[in-house]
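Please look through the sequence and the structure shown here before reading on. The report that follows begins with the two chains and then turns to the core and to backbone angles.

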Amino acid sequence: MKISGLIVLVLFNGALLRAQTNLPGEPSAAAGTNAPALPMPRPPTKVDSDTAEFDLARHEAIYHGHVRVDDPQMKLSCERLVADLPAAGGRVNHIVADTNVVIDFEDNKGQTHHATGDRAVYVYEVHDGATNETVTLTGHPQIEDADGVQTGDLIRWDRGNDKIYFENYNLIYRKNLNGAMADTHSPVPIIPPPVMVKTNDFPPGTVESTGQPAPAPTPPPPQP
Amino acid sequence: MELLHRALRHLTTGTHRARGWLTGLVALAAAVGLRAQSGGHATDFTTTEYYPDQKHVKSVLSGTEALPEPGGRLVIKQLKLEQFDSDGKLACVVTAPECIYDTVAGTANSAGPLELRNGDGKFQVTGEGFLWRQTIQFLTISNQVHTVIENGATFNTRP
């Protein structure tokens, strides 16, 4: 399939970096003292489901029913999650989350993002010394935040290059009643429902962290 | 997703341990079953398995009661299985208030809770109701599966 747009979302990069880095935890507040900040213990990651199966012959772990992954930096829910079991000392190289996939995460600016789709596939592979690590969201995938909603036929998060690719990119961003971009400092609340500006057939290019599209191409001169 | 990946990596490494535990459970429970069948039921039993060097303990299966039932089944109460690394370090622990081992079908199951945790307790899986099918190496936890992975959870992945 043709990739209609390459989108670099800096706002995701922070989350990526945070996710890729084994942070020791936030420093504790030692207000009024010169005591060195002590690392706070990181809350645990929890995976809950109705049922689970561990197929040790096929090297698979399968969670069914109301699957929830609760992590301090991310929350994921779906109806079915399958992970390949690695060999001893190896790593998980394939995870599939199916049906009503919802991923909520917070970037390094504290902005929340809400990604949804029918399926999310995590792949980790090494070819000729090069690491390829991606998360691909399909089935009406979209990413929503305070600025708007970005959709596509497919959204691929290339973790190695900290980029997100969209196929058939579509951007809907919110404006408040004054026409200004809605944000947490906006004097006018988004309610009643915001004006939605829909951008179709977004030209290939790069956008900044705000999710705003690159400048539209100059329209061709009128034909005589 | 990295966090999920990391969590699952811990989880799956833990399940490799589980395979060892449950294989040990079946073998050791069979031994207990043979003893129980010959002399009624066993109480407060402990069975120890050693590494090939015969010096280091590989696993310890204990229970408060082992009751033989018709059809080659064995009911084990207050099951506790401990698996050790070859250097003697506790690798993981499996506990269940009750477990039925079917020597004919090669299955172990219970409607009650199951808890599986690693040696330092930083990785833990619990659930209600389980079935272990030895022949196809398949563990099913039927209800309320909870996995908790604490930061710094480590697993000895040596074979």
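Two residues are in contact if their C-beta atoms, placed from the backbone, lie within 7 Å. By this criterion, among contacts in chain A between residues at least 6 apart in sequence, 42% join residues at least 24 apart. This value, like everything else in this report, was computed from a predicted model.

**The two chains**

The table sets out the same kinds of values for each chain.

| Chain | Residues | Helices and strands | Residues counted as buried | Share of contacts joining residues at least 24 apart, among those at least 6 apart |
|---|---|---|---|---|
| A | 224 residues | one helix, 14 strands | 28% | 42% |
| B | 159 residues | one helix, seven strands | 41% | 49% |

In chain B, the order of the elements from the N terminus is α-β-β-β-β-β-β-β, so that, by the DSSP runs used here, the helix is followed by the strands.

**The nonpolar core**

In soluble globular proteins, nonpolar side chains tend to be buried together. In this model the largest nonpolar core holds 55 residues, and the members that touch the most others are L81(A), A97(A), I103(A) and A120(A). The element that gives the most to this core belongs to chain B, where strand β4, spanning residues 90-102, supplies six residues.

Which residues are in contact with L81(A), once its neighbours within four places in sequence are left aside? They are Y63(A), V67(A), I95(A) and A97(A), and A97(A) is itself listed with L81(A) among the core members that touch the most others.

**Two residues with positive phi**

Most residues other than glycine have a negative phi, and most peptide bonds are trans. In chain A, T99(A) has a positive phi, near 70°, although this residue is not a glycine. T99(A) has its place in strand β6 of chain A, which covers residues 94-106.

In chain B, Q144(B), which is not a glycine either, has a positive phi of about 50°, and this residue is found in strand β7, residues 138-149 of that chain.

Are these two residues buried, exposed or partly exposed? A residue needs 20 or more other C-beta atoms within 10 Å to be buried, and 12 or fewer make it exposed. T99(A) is partly exposed because it has 14 other C-beta atoms within 10 Å, and Q144(B) also counts as partly exposed, because it has 15 C-beta neighbours inside 10 Å.

Key: Residues are numbered from 1 along each chain as its sequence is written. Chains are lettered from A and ligands numbered from 1 in the order in which they are written. This is a predicted model: local features need pLDDT of at least 70, side-chain atom pairs count only at pLDDT 80 or more; totals for chains, interfaces and linings use all residues. A nonpolar core is a set of buried Ala, Val, Leu, Ile, Met, Phe, Trp, Tyr and Cys residues joined through C-beta atoms within 7 Å. Helices (H or I, at least four residues) and strands (E, at least two) are DSSP runs, numbered from the N terminus.
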